[in-house]
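Please open the model in a viewer and display it as a cartoon. The tour below proceeds from the whole chain to individual elements and residues, indicating at each stop what to select.

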Amino acid sequence: MKLTIETTGQPQLIRALDNVERGFTDLDQSGIWKKVQSEFFKVEKELFDSEGASGQSGAWEKLTDNYAKVKERQFGKLPILQRSKELFKSLTSETDNTIADFKADESTFGTSLPYSGAVHKKRPAISPTDDQITQICKPIQTELQQLIERERLS
């Protein structure tokens, strides 16, 4: 048995695939990383609002009774990890402490606050679930779909 496949329009297909590749080569220049960062901020806000419960690591360790009383007396009734709001703000919005390093094919998000590493050991402030990672990456998928549709490959 012999199977033969004949294609037509091959140069157009190659040109269309090249256009998709060019459009997807530099995610920083195309502005996709800013959209990804926006989703990262949403996921982080959910994490802080739920005191860790919405993240992969689960609810953050409760404050000791003594510290909770001192904290409330000095700063009012505030959620865990939000005494100064600096960590919360740096991971949910653009601040001087927000890390957002965008490159053509990768990005890094985080905080430059010096105490964040120590905090992270007991109460992980970045702990996305698989579903949240999918949410954060959704702008990349959407952009790829739009590029494919523009080239009429779908």
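Helices and strands are taken here as DSSP runs, of at least four residues for a helix and at least two for a strand, and they are numbered from the N terminus. On that basis, the order of elements from the N terminus is α-α-α-α-β-β-α-α, a total of six helices and two strands. Please note that this is a predicted model.

**The whole chain**

Begin with the entire protein selected. Of its 154 residues, 29% are buried. The accessible surface amounts to about 10,400 Å², and carbon and sulfur atoms contribute 52% of that area. Among contacts with a separation of 6 or more, 64% join residues 24 or more positions apart.

**Helix α2**

Next, select residues 32-49, which form helix α2. How far apart are the end C-alpha atoms of α2? They are 26 Å apart, which agrees with the 26 Å that its 18 residues should span at 1.5 Å a residue. Show the side chains of the buried residues in this helix, which include Trp33, Phe40, Phe41, Leu47 and Phe48; Glu39 and Glu44 are also among the buried residues. Then colour α4, β1 (98-102), β2 (107-111) and α6, which are among the elements covering the buried residues of α2. Just after the helix, Glu51 adopts a positive phi of about 50 degrees.

**Gln37, within α2**

Remain in α2 and centre the view on Gln37. Is this residue buried or exposed? Gln37 counts as buried because its relative accessibility is 2%, and the cut-off for burial is under 20%. Apart from neighbours within four places in sequence, Gln37 contacts Glu94, Thr98, Ala100, Phe102 and Phe109.

**Glu86, in α4**

Move to helix α4 and select Glu86. With a relative accessible area of 32%, Glu86 is partly exposed. Leaving out residues up to four places away in sequence, Glu86 touches Asn97, Leu113 and Tyr115. A distance drawn between the C-alpha atoms of Glu86 and Leu113 should read 8.1 Å, although these residues lie 27 residues apart along the chain.

**The largest pocket**

Now display the protein surface and turn to the largest pocket, which holds about 280 Å³ of space. Its lining comprises 16 residues, and those closest to its centre are Tyr67, Leu81, Arg83, Tyr115 and Val119. Three elements each give two or more residues to this lining: α3 (65-75), α4 (86-92) and α5 (116-122). Which element gives the most? The largest contribution is that of α5, with three residues.

**Helix α6**

Finally, select residues 130-150, the 21 residues of helix α6. The helix reaches 29 Å from its first C-alpha to its last, close to the 30 Å expected at 1.5 Å a residue. Where does α6 bend? The bend, of about 50 degrees, is at Cys137, and a proline, Pro139, follows within four residues. Display the side chains of Gln132, Ile136, Pro139, Ile140, Glu143 and Leu147, which are buried. An α-helix has 3.6 residues a turn, so residues three or four places apart point the same way. The last stop is Arg152, just after α6, where phi is positive at about 60 degrees.

Key
Residues are numbered from 1 along each chain as its sequence is written. This is a predicted model: local features need pLDDT of at least 70, side-chain atom pairs count only at pLDDT 80 or more; totals for chains, interfaces and linings use all residues. Side-chain values use heavy atoms; hydrogens and water are left out. The expected span of a helix is 1.5 Å times one less than its number of residues. The bend at a residue is the angle between axes fitted to the seven residues ending there and the seven starting there. Buried means under 20% relative accessible area, exposed over 50%, partly exposed in between (1.4 Å probe, protein chains only). Contact means heavy atoms within 4.5 Å. Accessible areas come from the Shrake-Rupley method with a 1.4 Å probe; for residues, only the protein chains shown count as cover. On a 1 Å grid over the protein atoms alone, a cavity is a set of points where a 1.4 Å probe fits but cannot get out, and a pocket is an open set with protein on both sides within 12 Å along at least five of seven lines; lining residues have an atom within 4 Å of a point. Grid points are joined across faces, edges and corners, and a volume is the space filled by probe spheres set on the points.
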